[in-house]
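Biologist: Please take one part of this model and examine it closely. I should like a connected account of how its strands are arranged and what lies against them.

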Amino acid sequence: MSKWVSLKDLMENPSKYGVEDPRELEIAYTPDRKSITLTQEMTGHSEVQNLETETDGHKYYPVIYEGKVYIVSDSVTKNDVALGGETGYKNGPKALQKHAEIYGNEKITSKGETWNEATIGILDILPKFLRRIEERYWTEIQWPGYCAFGLQRVYSSGVHFNYLYYYFSGSMRSDTYSGAVRPLVSLISNIQVDIEKLDGTPLSLRLPTEQSEEQMAIKSEDTTTVQTDLLKQLEANMSEMSRRIQQLTAQLQETAQLIEQIKTQNLT
């Protein structure tokens, strides 16, 4: 039988549920399958980039940061996002935001997020096996240098910037970099998780409203049971009343016969 609890409460009070480190609990999460097109005007790359949600190959783990609930992938996307030149520097953050959107899930109202100024601190509170992964990946954090401009990427050694264009000897030069994306997803604060099995099985998520629907279904079943029992009781009562009416009818008939006999005797 399922055991649904608040994921946020589980994260904040793990001992209450017999959990040592909830950040190491894998979450069963599958984003909606979507696709996007990143044009040259968005990325500064010479080609249009058509990208789809990668629904396989990623494991997700929960974390609370600045009071918000997130799940973080343990790996990066297989398909890269290419950004280049001044266009890639200026519009790259929007392109990455558009890419992040394909990792949401409408059923549980989750939202794909980018690694930015507001979320990059999550890396510092992740367990060791998630904090520094081997693959490098984009952030949308811009690096406005004096002569070189680019976006930061996360490496196993830390966060560093890749310049996309720079000035040298009075002229501007551009470069293009292709980089993976590490899925990051924000969840609603009262999302629930099923902790029936804490044996390494990925934990399912659901909205609190699903609990209400479940309770309504149970209540409906209970109501049906009560109505059925009441109907049976009414039928039993009616049967008993019918039996008593038959008895009274018989007694009335006997009384009427007795009265007729008395009248006959009086006349004779």
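Modeller: In this predicted model, P144 has F149 of β9 as its bridge partner. That bridge belongs to the antiparallel pairing of β8 with strand β9, residues 148-155, which extends over 5 bridges. Helix α3, residues 85-100, packs on the sheet that contains these strands, where the helix touches β8, β9, β10 (158-168) and β11. The direction of α3 makes about 130° with that of β8. The sheet itself is open and has 4 strands in the order β8-β9-β10-β11, paired in the antiparallel sense. Its edges are formed by β8 (137-144) and β11 (171-174), each of which pairs on one side only. From one strand to the next, the twist averages 30°.

Another open sheet of 4 strands, also with antiparallel pairing, follows the order β4-β5-β13-β7. Here β4 (60-65) and β7 (111-113) stand at the edges with a single partner strand each, so one side of each has no neighbour in the sheet. Neighbouring strands of this sheet are turned against each other by 35° on average, direction ignored. The partner of β7 is strand β13, residues 184-187, and the two pair in the antiparallel sense over 3 bridges. Within β13, S186 stands opposite K111.

As for the wider setting, the protein has 5 helices and 15 strands. Of its 268 residues, 40% are buried. Among contacts with a separation of 6 or more, 64% come from residues 24 or more positions apart. The protein exposes about 16000 Å², of which carbon and sulfur atoms supply 50%.

Key. Residues numbered from 1 in each chain as written. Predicted model: local features only at pLDDT ≥ 70, side-chain atom pairs only at ≥ 80, totals over all residues. Heavy atoms only, no water. Pairing = 2+ DSSP bridges. Axes fitted to C-alpha atoms, helices over the stretch in contact; angles between N-to-C directions. Buried < 20%, exposed > 50% of the residue type's maximum accessible area, 1.4 Å probe, protein only. Contact = heavy atoms within 4.5 Å. Areas by Shrake-Rupley, 256 points an atom, 1.4 Å probe, with all protein chains shown as cover.
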